[in-house]
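Please walk through this protein with attention to its side chains, beginning with one acidic residue and moving on to the aromatic rings.

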Amino acid sequence: GLNMNCKIAFLGLGVIGTELLKQIKNNIEQIKIEYNLNIEFGPILVRNLNKKRNIDITNLKLTTNYNDIINDKNIDIVFECMGGVGSETTKYIVSNLISNGKKVIFSSKKCLATYGKEILKIARLNSTEIRFEAAVGGCIPIIGFLEKNMKTEKTKKLFGLINASSNYISSRMINDKFSYKESIKLAQDNGILENDVTEDIQGYDCLYKLILMYLVSESKWCSPSKFMLEKNISEIEKIDIDILTNLGYKIKQFGVFDNTNVACTDYYIGLALFNTKSIFYNIDNDNCIIGVSSTLSNNRYFIGKGAGAKPTASIMYDDFIDIINNKKMKLKDIQEYKCQMNYYSDFYLSFSNDDSSIIIIQLLEYYNLKYKILHKNEHKISLLVKNTNFQEMKSIINNTKIDCLYIPIIEEDI
């Protein structure tokens, strides 16, 4: 366990690292009283020693060399706040830290989702702890819930609006009628979106979080490279948003892992439609909602801010206190699993009203798919296609080579 002195170090002093450092400094006396522990600050890894910081760094040792942390025998706990440095670098550093018996608290989901199986194995071999509550869902304590609860039941599904940035962008485009570009800029100005929008917009961030939730819930892992991501909000035209709004739907980035198929984990990550009856309809801006469906309790929902330095740092602080209290994460041996993209639902189809539209309608009839026309003018036709498998819908549309938008409508009582 930890002795009366606890030496901590930081990988990164960006927005999250800075906020976390503030929270720890503010609570140093409290930690001393409550846990009989003196906190000592070890090295803080930064990229630029001369950068102006909005925190007092006198008495703190900043370094650009991660070996200062890896080789310091006295460091007990390391906070990983490296942001978008590149998950290989992060993996190299944390693997060495864990091998040296240090406990690591993560904020980077990409590194863990990509190398989670390996990192957990190193932690087990060196009987040390890693924590990653902050990597999933901002301030929503979903990892702790999945780890500690449901001992007598099985998880059926993990699902939700899991990426705060893309939810914020959808909200601006739908609620405020902003363009995609305007919404992106606004999100970046408000610190809700990284400069590189790829991970958030295309669904990778959502995928990494689902991989980590599933890892804790099922003790199973699968590489992110095995998954396919579907359409994203950058591909949506204003006319579709207008049609959908008039029909009472909101369009959002949605992700689901479905555990009911024994041989294989079914998943879908892409755009989805929700109507006013759905609990998801009003979860807007930078809020997330994570649903857990299980055999005895049906559905539980967790709603909260999915991004931002303050909530993230606060959750890392909670992980820190857990480690101080010697609470251990109980993760079994990690198995790998197969995944397949599969989702049954009604679909919204939208395509140009020209000769090609006849082909799509003929195909739907050929495959015996029930549909109804939702909207038709000289430019566009929109249909509702009844209960269909996503893969089937996708292959029908792709074989036509016609530009057609197809989005699942999430109706079921999730």
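**A glutamate and the rings of the chain**

Glu230 touches Tyr268, Ile269, Gly270, Met341, Phe390, Lys394 and Tyr406, if residues up to four places away in sequence are not counted. The model in which these contacts appear is a predicted one. Along the chain, Glu230 is found in the loop between strand S8 (220–221) and helix H11 (238–246). Although it lies in a loop, Glu230 has a relative accessible area of 8% and is therefore buried, since that value falls under 20%. One of the residues it touches, Lys394, also makes a polar contact with Glu230, side chain to side chain, at 2.7 Å.

Among the residues in contact with Glu230 are Tyr268, Phe390 and Tyr406, and these three names return in a cluster that ring pairs link together, namely Phe159, Phe254, Tyr268, Phe274, Phe280, Tyr301, Tyr343, Phe347, Phe390 and Tyr406.

How many aromatic pairs does the count come to? The count comes to 23 aromatic pairs, with ring centres within 6.5 Å as the criterion. Tyr66 and Tyr92 have ring centres 5.8 Å apart and planes at 65 degrees, and because an angle over 60 degrees counts as edge-to-face, this pair is assigned to that class. The two tyrosines come from distant parts of the chain, 26 residues apart, with Tyr66 in the loop between strand S3 (62–63) and helix H3 (67–70) and Tyr92 in helix H4 (residues 87–99). Are these two rings buried or exposed? Tyr66, at 27% relative accessibility, counts as partly exposed, and Tyr92, with a relative accessible area of 44%, is also partly exposed.

Phe79 and Phe320 form another edge-to-face pair, with 5.2 Å from centre to centre and 70 degrees between the planes. This pair, too, links distant parts of the chain, since Phe79 lies in strand S4 (residues 77–80) and Phe320 in helix H12 (residues 309–324), 241 residues apart. Phe79 counts as buried because its relative accessibility is 0%, and Phe320 is likewise buried at 0% relative accessibility.

Rings in this model also lie beneath charged groups. The charged end of Lys91 sits over the ring of Tyr115, 5.0 Å from its centre, while the charged end of Lys250 sits over the ring of Tyr281, 4.5 Å from its centre.

Conventions: Residues numbered from 1 in each chain as written. Predicted model: local features only at pLDDT ≥ 70, side-chain atom pairs only at ≥ 80, totals over all residues. Heavy atoms only, no water. Helix = DSSP H or I, 4+ residues; strand = E, 2+ residues; numbered from the N terminus. Buried < 20%, exposed > 50% of the residue type's maximum accessible area, 1.4 Å probe, protein only. Polar contact = N/O pair within 3.5 Å; in protein donor to acceptor, adjacent residues only side chain to side chain. Contact = heavy atoms within 4.5 Å. Phe/Tyr/Trp six-rings, centres within 6.5 Å; stacked < 30°, edge-to-face > 60°. Lys NZ or Arg CZ within 6 Å of the ring centre and 35° of its normal.
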